[in-house]
Amino acid sequence: MGPLSRETWAQRLGAFRASPSAFMAGPEGEDLGRDLLSELRSEKLSEQTKVSLLALSLEYPAQLWPDATAAEAAATSLLDTLVLLPPRPSALRRPLLLAATTALVAGDALGPTSEASRRLLPLLLGLASGRDLGRGFGPASEQRPLQATACECLRELESCKPGLLGGCLGLLRGLLGQEGPVQPLSLLLALALRNTLVIRARARAGLQGLLMAGDTPSGGDPWNWALAEEGDARLQPQAPSWPAAEEECGLAVLEPTPEEARELRAAVAQLLDTSYLLTPVAQAQLLWLLGWALRGLRGQTPVLFKPQLVRLLGTAQLTLLHAVLALKAAFGEALFTAQDEALLLRRLTVAAQHPALPLPAHLFHLHCLLSFPENWPLGPTAEEATPLLLGPRLCRGLLPSLLHDPMALLARLHLLCLLCVEDEEKEEKGQDWSPRHYLEELLAGLRQRAALDGGPRASATLCFQASHLVVQCLATQPTVLTPLTHGLARLYRARPVLAPHFVDLLDRVGPELGEPLRVALRQEVVSGPGRDEALRWHLQILAEVADGNAQSATLGFLGAAAAHCTDWGLQQALLRVCRALLRAGVGGGLADLLQALARQWEDPDGRDHARLYYVLLAHLAGPKLGVALGPSPAAPALASSLVAENQGFAAVLMVQEAPAPIRLSVGPHRAAGPGPVLQLHVEVLEPAYSLELRFRVEGQVYAPLGAVHVPCLCPGRPCRPLLLPLQPRRPAPTRLDVRALYTTPTGLTCHAHLPPLPVNFADLFLPFPQAPEGDKLGFFEELWDSCLPKGAESRLWCPLGPQGLEALVSRHLEPFVVVAQPPTSYHVAIRLPPDSRLLLRLEAAQEDGVPVALRTDDWAVLPLAGDYLRGLSAAV
Amino acid sequence: MAQRAVWLISREPGTPFCGTVRFSRRYPTVEKRAKVFNGASYVPIPEDGPFLKALLFELRLLDDEEDFIESRDSCSHINKTSVYGLLIGGGELWPVVAFLKNNMIYACVPLVEQTLSPHPPLISISGISQGFELLFGVQDFLSLSQKNDTELNTKLNQLPDLLLQACPFGTLLDANLQNSLDSINFASVTHSQKQPAWKVGTYKGKPQVSISITEKVKSMQYDKQDIADTWQVVGTVTCKCDLEGIMPNVTISLSLPTNGSPLQDILVHPCVTSLDSAILTSSSIDAMDDSAFSGPYKFPLTPPLESFNLCYYTSQVPVPPILGFYQMKEEEIQVKITVNLKLHESVKNNFEFCEAHIPFYNRGPITHVDYKVSFGQLEVFREKSSLVWIIGQKFPKSMEINLSGTVTFGAKSHEKQSFDEICIGGTAYLKLHFRILDYTLTGCYADQHSVQVFASGKPKISTHRKLISSDYYIWNSKAPAPVTYGSLLLLDLSFLQSPLPQLKKKQLHFKGIPIPEA
């Protein structure tokens with residue numbers, strides 16, 4: 001393809017961005033990566049267009065250059081382009097550096113053997129150290145931004161290959177002390193320092209003078225690929241300054257020598273002292289990194305951070321406050337006294353409600369407040385809770401009101417609930433300020449809003465979310481749950497159209513609210529006339545709440561409603577209630593109702609169903625009825641009761657095709673007895689009863705196999721191996737096709753197709769009957785001679801593993817050895833059912849193999865035996 | 001500590017997708033790390049189309065509110081922060097930091113450097129606050145002096161270059177994008193060792209310092225025996241320091257007159273180098289008493305080049321600037337209204353403007369108004385069903401003005417009238433809009449002598465002050481009204497310790513709105 005114009009490129013890039021996968025699958029997809037690289041050197045395109053091409057490569061390198069080879073080539077090409085730029089100012093140098101870095105990392109090409117890596121790294125380090133790299137790298141004015149960019153590239157490489165810059169710590173410290181750009185160098189040094197400390201600590205190695213300042217790193221090549229390989233084994237999470245995460249990352253403790261400790265302190269102090277020159281977000285990063293770097297060090301007190309804290313606590317910056325919290329979590333009392341902790345909490349409380357901050361910041365601060373890393377936490381740290389020092393007084397500005405945005409309301413409501421829990425623990429003090437009273441008023445307000453006719457779904461959702469939250473926190477407080485239950489029942493009366501929300505709530509709350517709310521809702525429904533437009537909602541609620549209680553009222557309501565169920569949907573809804581009653585074991589009255597429905601309704605479907613239920617009710621005992629109406633295992637989510645229950649019946653009466661919960665494997669070979677026997681191990685993931693395993697031999701090389709029966713199998717309970725005798729028609733390996741038939745604990749009969757079982761050639765091996773004592777060699781020689789002329793003879797080389805011949809024989813051929821002269825010579829005789837034999841002479845073993853002479857009376861066995869012997873050394 | 005991707009989505013209700021991705025940026029090297037860190041719980045960043053759909057669904061911005069959808073409407077699906085999980089391609093993309101502001105959705109996905117199942121607490125993820133900061137930065141950049149769509153597009157077109165500067169590999173270097181824009185332009189300036197990263201160049205020219213204090217006052221007034229009125233002042237101090245030198249030191253002091261109200265909840269700009277502990281601890285959480293720190297509030301700082309918000313504060317002044325009541329009674333298709341407003345004598349009676357907006361929600365258009373005003377004029381917006389009482393520049397000598405009248409409404413048409421969840425039946429409010437120049441309610445000021453500059457040349461110092469109303473509501477006292485509990489309690493404490501006559505009678509009691517018995 002020739003050079004493309006600016007417009008064509010713009011179009012092409014637009015099409016790509018709209019859907020990269022669709023574009024790459026199209027006709028132009030394949031060439032895009034290549035075109036992009038070549039166009040970067042085109043003289044026709046403007047720099048701006050080239051920057052946009054590079055921007056694309058920064059975002060989608062994996063699509064443009066999908067494998068390591070392509071990525072390596074792309075990085076090489078980008079570096080070539082960079083070197084070839086004329087020495088005037090250009091907007092391309094920075095993005096080219098970024099793009100080459102991105103291509104190498106994203107394409108997994110970064111490594112000591114990659115030519116592009118070996119070019120890029122010294123280039124970046126040279127730029128970062130402000131060395132003069134010649135006129136190809138632009139005018140002096142561009143040096144400063146390029147230096148910063150090179151630092152960013154190095155930082156990204158270090159992030160993806162932790163430890164890579166472990167050998168450059170001294171160099172970076174030196175640069176920071178001189179006149180390098182403060183922010184990029186600080187962040188780079190902090191990251192490299194953190195990674196090195198972590199890797200060293202894990203390897204239980206010292207710092208080995210890595211921190212000592214010096215212009216050039218010791219030993220020529222500054223890249224610590226060895227350290228990077230250690231780090232690469234598992235990228236270390238950066239967050240585990242959080243105590244909860246600590247255990248899993250296995251933070252090791254590094255004990256530096258006094259000399260190293262001093263150097264380390266000096267490096268950290270150097271970074272902190274100039275931290276005010278960094279942007280707030282960069283300061284926050286620095287604190288996270290250094291906090292974690294020092295956390296694992298024994299004997300390093302975190303007081304170095306102290307001078308920074310007051311300044312940080314005064315700001316409105318989300319990241320800075322968050323970083324202080326990270327330090328708090330990392331060092332606890334060692335850095336924050338009880339008074340400091342109280343001050344931090346107060347600042348956080350202020351930030352969570354300050355009118356000058358945006359809502360997302362309020363909410364995040366509120367989250368931080370409820371997850372506050374206390375010096376001495378009382379409860380489990382994983383749950384949100386109010387910190388001990390955050391009394392009701394501090395919280396007063398954080399309570400919810402109806403005017404709040406839904407998210408703010410829920411977040412603040414959670415806080416209010418937590419206060420109510422504490423309040424309950426104390427005595428009622430007769431004070432005006434009762435959190436519980438608030439809570440009731442607020443919930444009432446939310447319900448009133450949800451009750452508005454035509455109101456948006458969101459306000460109903462909010463009301464139910466709030467109710468759910470309250471139940472979660474205050475499930476043990478009847479004083480809260482009783483008014484809530486009544487309020488919800490009234491809400492239902494006011495707006496039955498919210499029935500799906502009620503069903504959802506009932507499904508998700510525990511019995512504390514669930515039980516009384518079911519009663520209240522049932523009462524609310526059955527006390528109504530049962531003929532208004534809300535009937536379908538009433539029936540939906542009843543299907544959820546109907547049980548054995550208040551039978552007559554429920555049946556009365558259904559009887560009255562039946563006449564108004566004129567369409568199929570309503571009839572099905574009513575039948576669903578009947579199913580619920582059937583399942584609950586309601587008897588007499590229900591039979592009458594079902595009979596009435598079967599007579600009364602005109603729709604044949606509804607009529608038939610009513611009759612079917614009646615028959616089931618009259619003929620099936622309780623437990624069986626439960627299974628018949630229970631949810632089908634195959635498709636539980638179908639809306640239609642008809643389909644669902646048909647599956648229910650079918651399930652009970654038919655054999656189900658199911659994914660196998662059974663795992664079958666072949667155990668060790670038993671070379672004994674008259675014929676070959678396969679030892680099978682069975683494991684189950686769920687209990688299975690009356691298991692029958694049926695086998696079919698592929699290719700009919702064996703006689704048909706009988707089924708194996710097991711009465712009962714349970715997960716985790718070992719079952720003795722099952723023995724499957726084989727009757728080969730000729731001595732050949734094959735596969736067994738396996739099917740299982742079993743009954744589940746719920747009473748369903750299932751049928752499953754299991755993965756085929758391989759029968760190996762060696763599984764057929766049998767020893768010869770005992771040779772006469774004393775003349776084993778003669779016995780063997782007799783067998784050996786008898787093979788010819790009918791059979792076949794061969795010699796081959798059997799490679800030996802490191803263990804040698806003795807181990808190989810004892811592992812695989814032991815039962816068949818007739819004459820043994822360890823460690824060099826063995827005579828082996830194998831009987832192969834139905835009536836073949838295989839004889840081996842392994843003699844004069846050498847270090848890496850043994851020559852094998854073999855004879856058999858069945859020429860068809862020869863290739864199988866050859867494969868078998870050649871595979872032995874690999875199997876050792 | 002990095003972002004995997006960033007999006008800007010304009011919200012377009014009524015269009016097929018209800019929105020368009022205006023900008024997106026992915027960070028493949030961060031994605032590489034996400035894959036390793038998240039392990040089995042890793043969910044890749046989707047393409048723009050599926051992301052848009054999933055995000056709008058989660059934020060309830062699709063036009064399909066009709067049915068109950070469990071994955072969105074379930075009572076257990078509770079979001080308490082602006083961080084979401086999106087169901088995409090069978091997996092859950094989490095954490096997605098997102099918020100809606102001025103019809104633009106700002107979203108990003110921070111890297112989580114551990115497994116995602118179970119979700120680690122947000123507080124332990126450093127990328128969350130970085131993500132917020134990035135999105136706030138983009139939002140500030142877009143809203144700065146932006147007036148129309150063309151300007152928005154220009155700014156959106158600048159974003160790729162700016163993020164290449166401010167966030168080249170997904171790790172945010174500077175949330176101030178304007179700064180990055182300047183640094184592109186300032187590239188030729190030679191820097192010296194101590195150049196801060198947040199200051200891209202140096203100022204050349206006449207030294208000058210400008211300080212302006214803007215106070216916003218908000219209020220909720222009920223005129224009820226059992227509910228206390230509330231009000232609060234929120235101040236913002238904005239500075240622009242044009243001073244030569246790389247790191248000029250400046251100290252700015254804010255002062256209060258003897259009867260001024262102490263400043264509380266002070267949040268400062270990161271360029272402030274140290275902070276008095278009295279400033280740090282002065283908080284609205286505590287009960288106010290005479291010993292409260294009342295300044296001067298000193299802020300030593302090294303200013304950035306651009307204009308910046310030196311600090312924010314709140315304050316609890318003893319009285320609201322305008323105290324009023326609003327009575328509204330429904331009578332069939334009419335409502336009768338009475339409004340009384342009184343300006344407090346201590347407040348400067350010289351407004352830039354002062355208006356009372358009286359909206360009528362969930363009703364038809366206004367067909368007829370009979371009214372009497374003691375002062376100013378009344379404008380009627382029939383279609384919007386609202387009245388605007390233009391009070392003008394000054395209250396009369398009596399400091400007290402009245403409006404009474406009868407408003408008649410036509411039939412309600414659902415298309416035009418917006419639904420309001422709060423103002424139902426008699427629940428109604430009027431909202432005051434006013435602005436007073438060269439005045440603060442707290443009395444807070446910065447004069448020329450309060451500014452110390454340690455740099456060459458004596459700078460010209462200019463100071464400005466203004467008071468603006470914001471969320472200044474007076475609720476109909478003849479019907480239930482929503483109450484903000486928190487501020488009420490605050491008030492409780494303050495009047496117990498420094499009694500104010502007009503509040504003494506009022507007891508604390510909190511009225512929600514009971515559900516009418518069906």
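A residue is called buried when its relative accessible area is under 20%, exposed when the value is over 50%, and partly exposed in between, using a 1.4 Å probe and the protein chains only. Helices (H or I, at least four residues) and strands (E, at least two) are DSSP runs, numbered from the N terminus. This is a predicted model, in which local features need pLDDT of at least 70 and side-chain atom pairs count only at pLDDT 80 or more, while totals for chains, interfaces and linings use all residues. Residues are numbered from 1 along each chain as its sequence is written, chains are lettered from A and ligands numbered from 1 in the order in which they are written, and side-chain values use heavy atoms, with hydrogens and water left out.

Let's start inside chain A, with helix H10 (residues 169–177). Eight of its nine residues are buried, so helix H10 of chain A is largely enclosed by the rest of the structure. Leucines feature in the buried set, including Leu169(A), Leu171(A) and Leu172(A), and Arg173(A) belongs to it too. What do these buried residues pack against? Their partners are helix H8 (115–128), helix H11 (182–202) and helix H14 (258–273) of chain A, where contact means heavy atoms within 4.5 Å.

Helix H11 of chain A also holds Gln183(A), a good stepping stone to the other chain. Gln183(A) counts as buried because its relative accessibility is 7%. Leaving aside neighbours within four places in sequence, Gln183(A) is in contact with Leu278(A), Thr279(A) and Ala282(A), and also with Leu173(B) and Ala197(B).

Now step back to the whole interface. Here 125 residues of chain A are in contact with 112 residues of chain B. The size of an interface is often given as the accessible area lost when the parts come together. For chain A and chain B, the buried area (accessible area, 1.4 Å probe, lost by two parts on being put together and summed over both) is about 10,400 Å², with 64% of it on carbon and sulfur atoms.

What about charges and polar groups? The rule for a salt bridge asks for a side-chain nitrogen of Lys or Arg within 4 Å of a carboxyl oxygen of Asp or Glu, and it finds three across this interface. One of the salt bridges links Glu156(A) with Arg33(B), whose closest N and O atoms are 2.3 Å apart. Between the chains there are also 39 residue pairs in polar contact, both at pLDDT 80 or more. A polar contact is a pair of N or O atoms within 3.5 Å; within protein, one must be able to donate a hydrogen and the other to accept it, and residues adjacent in sequence count only if both atoms are side-chain atoms. On the chain A side, helix H22 (residues 435–450) gives the most to the surface touching chain B, with nine residues.

Back within chain A, His365(A) sits in helix H19 (residues 359–370). His365(A) counts as buried because its relative accessibility is 2%. Its contacts beyond four places in sequence include Leu318(A), Leu321(A), Leu348(A) and Ala351(A). A polar atom of the His365(A) side chain lies 3.4 Å from the backbone oxygen of Ala351(A).

Chain B has nine helices and 21 strands, and 56% of its 518 residues count as buried. Helix H4 (residues 126–143) of chain B carries Gln139(B), which counts as buried because its relative accessibility is 13%. Not counting residues up to four places away in sequence, Gln139(B) touches Phe99(B), Lys101(B) and Tyr106(B).

Some backbone details in chain B deserve a look. Trp94(B) and Pro95(B) are joined by a cis peptide bond with omega about -5°, and Pro95(B) belongs to strand E4 (residues 91–101). Another cis peptide bond, with omega about 0°, joins Ser117(B) and Pro118(B). Pro118(B) lies in the loop between strand E5 (104–110) and H4 of chain B. Asn103(B), in the loop between E4 and E5 of chain B, has a positive phi of about 65° although it is not a glycine. At 44% relative accessibility, Asn103(B) counts as partly exposed.

Our last stop is Glu379(B), in strand E16 (residues 377–381) of chain B. Is Glu379(B) buried or partly exposed? With 34% relative accessibility, Glu379(B) counts as partly exposed. Beyond four places in sequence, Glu379(B) touches Ser386(B), Leu387(B), Val388(B) and Ile390(B).
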